[in-house]
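The following exercises ask the reader to work through a protein model with the structure in view. Each task is followed by a solution in steps.

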Amino acid sequence: LNRTYNYPNPIEDGYTKFRFYVYNANKVSVKIYDSLGFLVNELESNALLKDEYNEIYWNASNLDSGLYFAEVYSDLEESKLIKIVVIK
């Protein structure tokens, strides 16, 4: 996983896209945690394009305003941690 980020951030309209560049990974998962460390959502993509940017959409409209963390990790044991702010 390289060049991993989400946009828009902060989230104001209820959704965001996680964008990441994969080389040889076959599967990427995203676990989203609230500021207390509780898992609030989990996303997964098995249809990745190798040596390309890939995206996963996330609907955050049911969450309260605040700080969240997303752990993006692949089946190749790579991971990145992203801070996300939700504003309502």
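Two strands are said to pair if DSSP finds at least two bridges between them. The model examined here is a predicted one.

**Exercise 1. Determine how many bridges join strand β2 to β5, and place both strands in their sheet.**

Step 1. Strand β2 covers residues 15-22, and eight bridges join it to β5. The required number for pairing is at least two, so β2 and β5 count as paired.

Step 2. The two strands run antiparallel. As an example of a single bridge, Tyr21 has Tyr53 in β5 as its partner.

Step 3. The sheet is open and consists of three strands in the order β1-β2-β5, with antiparallel pairing. Strands β1 (2-7) and β5 (52-59) each have a single partner strand and stand at the edges, so one side of each lacks a neighbour in the sheet. From one strand to the next, the twist averages 15°.

**Exercise 2. State the strand order of the four-stranded open sheet and identify which strands stand at its edges.**

Step 1. The order is β4-β3-β6-β7, and the pairing is antiparallel.

Step 2. Strands β4 (39-45) and β7 (79-86) have a single partner strand each; one side of each is therefore without a neighbour in the sheet, and these two are the edge strands. The twist in this sheet averages 20° from one strand to the next.

Step 3. Within the sheet, β3 (residues 28-34) and β6 (residues 66-74) run antiparallel and are joined by seven bridges. Lys31 has Glu71 in β6 as its bridge partner.

**Exercise 3. Classify the ring pair of Phe18 and Trp58 as stacked, tilted or edge-to-face.**

Step 1. The model has four aromatic pairs. In the pair of Phe18 and Trp58, the ring centres are 6.1 Å apart and the planes stand at 35°.

Step 2. Planes under 30 degrees apart would be stacked and planes over 60 edge-to-face. An angle of 35° meets neither condition, so the pair is tilted.

Step 3. Phe18 belongs to strand β2 and Trp58 to strand β5, so the pair ties together parts that lie 40 residues apart in sequence. Both residues are buried.

**Exercise 4. Describe the surroundings of Tyr21: which rings are linked with Tyr21 in a cluster, and which residue lies over its face?**

Step 1. Tyr21 and Tyr23 form an edge-to-face pair, with 5.0 Å from centre to centre and 70° between the planes. Ring pairs link Tyr21, Tyr23 and Tyr53 into a cluster.

Step 2. Tyr21 has a relative accessible area of 14% and is therefore buried, whereas Tyr23, at 37%, is partly exposed.

Step 3. Arg3 lies over the face of Tyr21, 4.3 Å from the ring centre. Tyr53 also has a charge over its ring: the charged end of Arg19 sits 4.2 Å from the centre.

**Exercise 5. Decide whether Leu1 is buried or exposed, and name residues that Leu1 touches.**

Step 1. Leu1 lies in the segment before β1. Its relative accessibility is 8%.

Step 2. The limit for a buried residue is under 20%, so Leu1 counts as buried.

Step 3. Leaving aside residues up to four places away in sequence, Leu1 touches several residues, including Phe20, Tyr21, Val28, Val72 and Lys80.

Step 4. Leu1 and Val85 are 84 residues apart along the chain, and their C-alpha atoms are separated by 22 Å.

Technical notes:
Residues numbered from 1 in each chain as written. Predicted model: local features only at pLDDT ≥ 70, side-chain atom pairs only at ≥ 80, totals over all residues. Heavy atoms only, no water. Axes fitted to C-alpha atoms, helices over the stretch in contact; angles between N-to-C directions. Buried < 20%, exposed > 50% of the residue type's maximum accessible area, 1.4 Å probe, protein only. Contact = heavy atoms within 4.5 Å. Phe/Tyr/Trp six-rings, centres within 6.5 Å; stacked < 30°, edge-to-face > 60°. Lys NZ or Arg CZ within 6 Å of the ring centre and 35° of its normal.
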